[in-house]
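Subject: Structure handover and findings

Hello,

Here is the structure I promised to pass on. Please open it first, then read the notes below.

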Amino acid sequence: MKTYLRSAAAWALAFALAGCGESGPTLQQIASATGYNAGAMSSLSCTQAKEKPGYVCAYEYRGNVQTIRLIKTDSGAWRYVEQLDR
């Protein structure tokens, strides 16, 4: 029983440290953060930002590729932080 509990605790800790279930924002969430029309957005690709908090996301908006950084607020909403492709 001790081994099982230790193993379960180790897995729980590993998932917590890995940010299990945490992923970058969706197109709808980016649209909400930027004020853009989600229907005019496509081709989303997000990666965790390096050396700064949040995610770096690239997406197409009305034929132009946009690259921005967003952070997740305490309320769970995504907030636009900076434009990166200029």
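In which strand does S43 lie? S43 belongs to strand β1, which covers residues 41-48. Helices (H or I, at least four residues) and strands (E, at least two) are DSSP runs, numbered from the N terminus.

Before the details, some ground rules. This is a predicted model, in which local features need pLDDT of at least 70 and side-chain atom pairs count only at pLDDT 80 or more, while totals for chains, interfaces and linings use all residues. Residues are numbered from 1 along each chain as its sequence is written, and side-chain values use heavy atoms, with hydrogens and water left out.

Confidence

pLDDT is the predictor's confidence in each residue, from 0 to 100. The mean for the protein chain is 82. Of its residues, 73% reach 70 or more. Over residues 3-21, pLDDT stays under 50. For that stretch the model has 1 contact (heavy atoms within 4.5 Å) beyond four places in sequence. Where pLDDT is low, the predicted coordinates should not be read in detail.

Overall layout

The protein chain has 2 helices and 4 strands. Along the sequence the pattern is α-α-β-β-β-β. The chain has 86 residues, and 21% of them count as buried. Buried means under 20% relative accessible area, exposed over 50%, and partly exposed in between (1.4 Å probe, protein chains only). The accessible surface is about 6200 Å², with 53% of it on carbon and sulfur atoms. Those areas come from the Shrake-Rupley method with a 1.4 Å probe; for residues, only the protein chains shown count as cover. Of the contacts between residues at least 6 apart in sequence, 25% join residues at least 24 apart.

Backbone: two positive phi values

Most residues other than glycine have a negative phi. S43 has a positive phi of about 55 degrees, although it is not a glycine. S43 is exposed, at 54% relative accessible area. E51 also has a positive phi, near 70 degrees. E51 is in the loop between β1 and β2 (55-61). Its relative accessible area is 86%, which counts as exposed.

The disulfide

How many disulfides are there? The count comes to 1, where a disulfide is a pair of cysteine sulfur atoms within 2.5 Å. C46 and C57 form it, with sulfur atoms 2.1 Å apart. C46 lies in strand β1 and C57 in strand β2, so the pair ties together parts that are 11 residues apart in sequence. The link of C46 and C57 is right-handed, with 115 degrees about the S-S bond. Is each partner buried or partly exposed? C46 is partly exposed at 26% relative accessible area. C57 is buried at 0%.

The core around C57

C57 is also part of the largest nonpolar core. A nonpolar core is a set of buried Ala, Val, Leu, Ile, Met, Phe, Trp, Tyr and Cys residues joined through side-chain atoms within 4.5 Å. This one has 10 residues: I30, A31, M41, Y55, C57, Y59, Y61, I68, L70 and W78. α2 (27-34), β2 and β3 each supply at least two of them. β2 gives the most, with 4 residues. Leaving out residues up to four places away in sequence, C57 touches P25, I30, L44, S45, C46, Q66, T67, I68 and L70.

Polar side chains in β3 and β4

Q66 lies in strand β3 (residues 64-72). Q66 is buried, at 10% relative accessibility. The side chain of Q66 makes a polar contact of 2.8 Å with the side chain of Q83. A polar contact is a pair of N or O atoms within 3.5 Å; within protein, one must be able to donate a hydrogen and the other to accept it, and residues adjacent in sequence count only if both atoms are side-chain atoms. Beyond four places in sequence, Q66 touches Y36, C57, A58, Y59, Y61, Q83 and D85.

E82 sits in strand β4 (residues 78-83). E82 is partly exposed, at 22% relative accessibility. Which side chains make polar contacts with that of E82? The side chain of K52 does so at 3.3 Å, and that of R69 at 2.8 Å. E82 and V56 are 26 residues apart in sequence and 9.4 Å apart in space, C-alpha to C-alpha.

Best regards
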